[in-house]
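Open the model in your viewer and keep the selection tool at hand. The stops below take you through it one selection at a time.

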Amino acid sequence: MKLHFLTALSVIALASPAFAAGDAAKGEKTFRMCKACHAITGPEDKTIVRGGRVGPNLYGVIGRKAASEPGYNYGAGIKEAAEKGLVWNEENLAEYVKNPTEFLEKYTGDGAARSKMTFKLRRGGEDVAAYLASVAKQ
Ligand code: HEC
């Protein structure tokens with residue numbers, strides 16, 4: 001009986017893992033993989049990380065509404081998610097970078113939603129999210 005109770009508890013714990021905040025220092029290293037497509041450009045065009053222009057500027061992305069970087073030509077899927085209220089936080093950004101198209105499909109409930117971001121980060125999403133959060137506080 002007691003054993004069953006403990007088993008039930010561990011099943012609950014596995015089913016809803018609490019989001020563990022990432023390590024910004026590790027995330028800074030992980031961001032090297034993002035640089036091919038993303039720059040981090042602060043206020044007054046200050047270059048924080050020089051990067052590509054395939055994807056939008058990621059300065060201040062945590063707390064920002066999805067698909068809201070001025071002048072960037074977003075895909076239909078992420079615009080649909082933004083209309084449905086998607087605002088980036090560390091948790092959903094970590095989830096997004098694992099598989100952007102799958103994230104948009106789930107978020108919008110539209111199985112045809114596609115992301116223009118073709119890159120998938122296998123691990124360390126929470127670290128890169130913590131890094132992006134730390135950058136904008138400078
Ligand atoms: C191969 C190029 C490429 C790489 C590498 C890449 N991205 Fe992207 N990213 C994109 C593109 C393109 C978009 C625009 C997506 C769209 O419009 O559907 C995007 C969008 C995003 C967005 C949404 C931003 C917004 O304004 O709503 C976030 C967050 C993001 N990327 C984070 C990352 C992170 C973190 C990494 C590294 C782990 C990364 N990306 C690596 C191309 C890339």
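Start with the iron atom of the ligand in this predicted model. His38, through NE2, and Met117, through SD, coordinate the iron at 1.9 to 2.2 Å. The six donor atoms around the iron subtend angles of 88 to 179°, so the arrangement is octahedral. Ideal angles for six octahedral donors are 90 or 180 degrees.

Now colour the chain on either side of the two residues. His38 sits in the loop between helix H2 (24–30) and strand E1 (40–41), while Met117 sits in the loop between helix H5 (100–108) and helix H6 (125–135). The pair therefore ties together parts that are 79 residues apart in sequence. Is His38 buried or exposed? Its relative accessibility is 10%, and buried means under 20%, so His38 counts as buried.

Next, select helix H3, residues 76–83. Its buried residues are Gly77, Ile78, Ala81 and Ala82. They cover an arc of only 140° around the axis, so they lie on the same side of H3. An α-helix has 3.6 residues a turn, so residues three or four places apart point the same way. On the face turned away from the buried side, look for the exposed residues Ala76 and Glu83. Just after H3, Gly85 has a positive phi of about 105°.

What do the buried residues of H3 pack against? They pack against helix H4 (90–98) and H5, so select those two last. The axes of H4 and H5 come within 5 Å and cross at roughly 120°, which makes H4 oblique to H5. At their contact, Asn92, Glu95, Tyr96, Val97 and Lys98 of H4 meet Pro100, Phe103 and Leu104 of H5.

Technical notes
Residues are numbered from 1 along each chain as its sequence is written. This is a predicted model: local features need pLDDT of at least 70, side-chain atom pairs count only at pLDDT 80 or more; totals for chains, interfaces and linings use all residues. Side-chain values use heavy atoms; hydrogens and water are left out. Donors are N, O and S atoms within 2.8 Å of the metal (3.2 Å for Na, K and Ca); water is not among the atoms, so sites may look incomplete. Four donors count as tetrahedral if all angles lie between 85 and 135 degrees; four count as square planar and six as octahedral if opposite donors are over 155 degrees apart and all others between 65 and 115; anything else is irregular. Helices (H or I, at least four residues) and strands (E, at least two) are DSSP runs, numbered from the N terminus. Buried means under 20% relative accessible area, exposed over 50%, partly exposed in between (1.4 Å probe, protein chains only). The arc is that of the directions from the helix axis to the C-beta atoms. Contact means heavy atoms within 4.5 Å. Axes are lines fitted to C-alpha atoms, for helices over the stretch in contact, and angles run from 0 to 180 degrees between N-to-C directions. Angles under 35 degrees count as roughly parallel, over 145 as roughly antiparallel, 65 to 115 as roughly perpendicular and the rest as oblique.
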